[in-house]
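Subject: Structure handover

Hi,

Here is the structure I promised to pass on to you. Please have it open while you read, and my notes follow below.

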Amino acid sequence: MRMINVEFIMESIPSLIGAIPVTLLMAFAAAAAGWILGLAIALVRKSRVPVISQVCAVFVSFMRGVPLIILLYIAYYALPITISGYFASIGREIDINAVPAVAYAIMALVLDQAAYSSEIFRAALMAVDEGQMEACYSVGMTKSQALIRIVLPQAMAIALPNLGGLFLGLVKGTSLAYYVGVYEITATANLLAMPALNFIEAYVMTTVIYEIISFIFNKLFRGCENRLKRFREGASAA
């Protein structure tokens with residue numbers, strides 16, 4: 001029976017910890033940009049802006065139907081070739097190799113997050129009582145003021161639990177960036193394990209790291225959720 005290689009585990013821990021910032025960079029960047037884009041899409045679809053609303057609906061449907069790994073491949077392999085070919089057609093050359101792989105990975109993750117978060121935001125916006133907008137108008141608020149001060153905070157309180165789950169899924173989804181050459185936690189674990197085939201130890205450590213990250217952010221989202229819940233209850237009572 002094969003024994004657990006404790007020496008390998010102790011030697012690999014610093015390298016795996018060193019890969020955590022890359023994973024978190026992708027997760028934070030994709031969540032920030034993707035959720036902003038998702039909120040914009042949700043607002044457009046809720047307002048039923050002609051043409052743009054239909055385009056956004058098609059975008060959401062398409063992105064939700066495409067596996068994330070395919071988006072990563074398109075962003076990493078197809079997009080640079082397309083951009084390079086375009087610039088070549090107008091007589092200019094660009095070095096597509098100058099763009100790091102992590103940038104393409106983040107781009108794919110942003111589009112994925114935008115599609116899923118837009119549905120979360122749209123459902124949350126629709127859950128806010130329409131009568132509150134009328135109350136805002138009655139006290140002289142503009143539509144933008146009512147949206148920013150009253151509607152969006154309540155919508156965020158409703159959306160946050162689902163956004164928290166979406167973010168935790170995103171953290172785990174960053175492991176797919178390994179397939180396009182990004183050295184995050186999973187890629188680092190594989191590289192460390194290959195020489196002596198210590199894959200069991202590597203994957204156990206990777207699992208522990210992801211569990212710790214998930215636990216920390218789950219606690220943070222719960223705290224924010226409770227604060228926003230109290231705000232929503234206060235606004236509803238008022």
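Let me start in a loop: valine 51 sits in the one between H1 and H2. Its phi is positive, at about 70°, although valine 51 is not a glycine. With a relative accessible area of 60%, valine 51 is exposed. Please keep in mind that this is a predicted model.

There is another residue of this kind in the loop between H7 and H8, namely leucine 197. Leucine 197 is not a glycine either, and its phi is positive, near 55°. Its relative accessible area is 58%, over the 50% cut-off, so leucine 197 counts as exposed.

Next comes helix H2, which covers residues 52–65. Does its length fit its residue count, or what span should we expect from 14 residues? At 1.5 Å a residue the helix should span 20 Å, and the C-alpha atoms at its ends are indeed 20 Å apart, so the two values agree.

Which residues of H2 are buried? They are Ser53, Cys56, Val60 and Met63. Looking down the helix axis, you will find these buried residues within an arc of 95°, and therefore they line one face of H2. The general background is that an α-helix has 3.6 residues a turn, so residues three or four places apart point the same way. On the face turned away from the buried side, H2 carries the exposed residues Val55, Val58, Ser61 and Gly65. As for the packing partners, the buried residues of H2 pack against helices H1 (6–47), H3 (68–89) and H4 (101–127).

Helix H1 also holds serine 12. Serine 12 has a relative accessibility of 3%, under the 20% cut-off, so this residue counts as buried. Apart from neighbours within four places in sequence, serine 12 is in contact with Leu192 and Met205.

Now to the core. The largest nonpolar core has 57 residues, and the members that touch the most others are Trp35, Phe167 and Ile213. At least two residues of this core come from each of H1, H3, H4, H5 (131–138), H6 (143–173), H7 (185–193) and H8. If you centre your viewer on tryptophan 35 and set aside neighbours within four places in sequence, its contacts are Ala30, Gln113, Ser117, Phe121, Leu163, Leu166, Phe167 and Phe221. Trp35 also belongs to a cluster linked by ring pairs, together with Phe28, Phe167, Phe217 and Phe221.

That brings me to the aromatic pairs, of which the structure holds 11. In one of them, the ring centres of tyrosine 76 and tyrosine 77 are 4.8 Å apart and the planes stand at 85°, which is over 60 degrees, so this pair is edge-to-face. Both residues are partly exposed: tyrosine 76 has a relative accessible area of 27%, and tyrosine 77 has 44%.

Phenylalanine 199 and tyrosine 203 form another pair, with ring centres 6.0 Å apart and planes at 35°, so the pair is tilted. These two residues are four apart in helix H8 (residues 199–237), and are therefore separated by about one helical turn. Phenylalanine 199 is partly exposed, with a relative accessible area of 27%, and tyrosine 203, at 38% relative accessibility, counts as partly exposed too.

Happy to talk it through whenever suits you.

Best wishes

Definitions and conventions:
Residues are numbered from 1 along each chain as its sequence is written. This is a predicted model: local features need pLDDT of at least 70, side-chain atom pairs count only at pLDDT 80 or more; totals for chains, interfaces and linings use all residues. Side-chain values use heavy atoms; hydrogens and water are left out. The expected span of a helix is 1.5 Å times one less than its number of residues. Buried means under 20% relative accessible area, exposed over 50%, partly exposed in between (1.4 Å probe, protein chains only). The arc is that of the directions from the helix axis to the C-beta atoms. Contact means heavy atoms within 4.5 Å. Rings of Phe, Tyr and Trp (its six-membered ring) pair if their centres lie within 6.5 Å; planes under 30 degrees apart count as stacked, over 60 as edge-to-face and the rest as tilted. A nonpolar core is a set of buried Ala, Val, Leu, Ile, Met, Phe, Trp, Tyr and Cys residues joined through side-chain atoms within 4.5 Å.
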